[in-house]
Amino acid sequence: CANVYECVDFNAEALSLLGGGALPNAVPIIRSMVDTLLNRFAKARPAPEILPVKGNWDARNKAKVSTQWLKGIYLQNCVYTKLLKGFVHDGLMTGTGALHVHDEGSRGIQYDRTRVDCLFVHPKEERNNKVITLYKSIGADRSRLKADWGSISDIDAALDYHSFGTGHENEEPNFDDISDEKQLIEAWRLPLEKDENGEWVGGKHIIALSSTTLLEEDWDCPEFPFVFWNFRERVNKFFGMGVAESVLAAHMATNDVANIIDDAVEAMTPKVCVQEDSMPTTRVTNGVGKVWIIKGNMPQAFTPPPVHPAVLEREEMMISRAYKFEGVSEQDAMMVRPAGIDSGIGQQVYHDIGSTRYAVPAMDLDDAIAVALARQTLRIAERVLAKTPDKTKILRVLGVGQDGFVAESISYEEAHLERGKYILQATAVSSMPD
């Protein structure tokens, strides 16, 4: 089981795009676009709402309590104040935002922001659009691993073994590396069939360190414990395409022109025209208080333009074209009111047209935060409920009512609804009743 390392396909392209150091910064087009779109998407506050499929007043009241419990979990994990911003930023920059939903024991259900360069899928499964295996690379401290997995007999030998690198072809593993940080691989394989009781079987969850398997257990869920948001879909790819990759070619071409202009401006010097044989040109210096003895006309000093105006126009055209192709308003990025649109209604219509350009990613984001994240939370809560003796204290949080204020303390047992008897939907906070 520790051989999961051999199947990992490190996405070097996503890694290079994530680290902005490789991108030119002469004209910050990508950063400007990401900041503009981040403020457009991250201002949304989609909230989960549970509705009973059918039932009486008790069922509707239980669904109301379940909704309050879910919102309490969101409040406890700072979904809207911290996680949403990073989740959207990752999606815009690298193409995919990811949140890992898992149980942390006494800390309850946790949402961890996961970078896309830490997640990998099998290339063959990806090409066939049937990804059933997901890998996550985790960096962990040596002492923490010793404390968590000290019961494993060969844990000391595994910790002294080398840590795997970034996976580049030319990189050789360093077998002498016994540093404090070690790399784990956590992998999930989805089940493909159900048993006679209707339960999913055949899935696996594995955590491996070097040549040692730390954990191997069955995985009975038909989806990975992650919530994904792809800003732009790719053909036959699991992860999406971000602004950095989409605009990178235009960004670098624009910076090439900008560098030419900068070099020309730095090399520019004033010119002096003198009549032939009127004076020795060696006397023409930039010294203060110099006396020039001349014959004929006065020397004429002039400063030619460092670059042709057409080059400056080309730079502006390339910047504007990059914004247009990506569908981002250049006026919004620069906080400038569009020329010729002075009325409030006109500006509102202009803003609505810009919002329509990204209507589908916005709806996908609402579903990811309000539906997919809530579904993963309820799935883990059901597993914790099934294995906990004292069910009155399990996952107790401060519920949040429809008015946005904190209600009473609610345990998951009080909020539990049987699977199949409810549906999840996204509700905008602004449209919720008072």
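This report covers the overall make-up, two sheets and one helix contact of a predicted model.

## Overall make-up

The protein chain has 434 residues, and 40% of them count as buried. Its secondary structure comes to 13 helices and 16 strands.

Contacts reach far along the sequence. Among those between residues at least 6 apart, 69% join residues at least 24 apart. The chain exposes about 24600 Å². Carbon and sulfur atoms supply 53% of that area.

## The three-stranded sheet

Strands of a sheet pair through backbone hydrogen bonds, either parallel or antiparallel. Here three strands form an open sheet, and the pairing is antiparallel. The order is 3-2-11. Strand 3 (109-114) and strand 11 (226-230) are the edges, each pairing on one side only. From one strand to the next, the twist averages 20 degrees.

Strand 2 covers residues 96-103 and pairs with strand 11. Five bridges link the two, in the antiparallel sense. One pairing can be picked out by residue: His-100 has Phe-226 of strand 11 as its bridge partner.

## The five-stranded sheet

Another open sheet is built from five strands in the order 4-5-6-9-10. Its pairing is antiparallel. The edges are strand 4 (119-121) and strand 10 (212-219). Each of these edge strands pairs on one side only. The twist averages 20 degrees from one strand to the next.

At one edge, strand 4 runs antiparallel to strand 5 (residues 133-141). Three bridges join them. Leu-119 has its bridge partner in strand 5, namely Lys-136.

## Helix 2 against helix 9

Helix 2 spans residues 29-41, and helix 9 spans residues 309-326. Their axes come within 11 Å. They cross at roughly 35 degrees. The crossing is right-handed.

Which residues make the contact? Helix 2 contributes Ile-29, Ser-32 and Met-33. Helix 9 contributes Ile-319, Ala-322, Tyr-323 and Glu-326. By class, the contact has five nonpolar residues, one polar and one charged. Ser-32 is the polar one and Glu-326 the charged one.

## Summary

The model is predicted. Both sheets described are open and antiparallel. Strand 11 is an edge of the three-stranded sheet, and strand 4 is an edge of the five-stranded one. Helix 2 passes helix 9 in a right-handed crossing, with five nonpolar residues in the contact.

Note on methods: Residues are numbered from 1 along each chain as its sequence is written. This is a predicted model: local features need pLDDT of at least 70, side-chain atom pairs count only at pLDDT 80 or more; totals for chains, interfaces and linings use all residues. Side-chain values use heavy atoms; hydrogens and water are left out. Axes are lines fitted to C-alpha atoms, for helices over the stretch in contact, and angles run from 0 to 180 degrees between N-to-C directions. Helices (H or I, at least four residues) and strands (E, at least two) are DSSP runs, numbered from the N terminus. A crossing is left-handed if the near helix is turned anticlockwise from the far one by less than a right angle, and right-handed if clockwise. Contact means heavy atoms within 4.5 Å. Two strands pair if DSSP finds at least two bridges between them. Buried means under 20% relative accessible area, exposed over 50%, partly exposed in between (1.4 Å probe, protein chains only). Accessible areas come from the Shrake-Rupley method with a 1.4 Å probe; for residues, only the protein chains shown count as cover.
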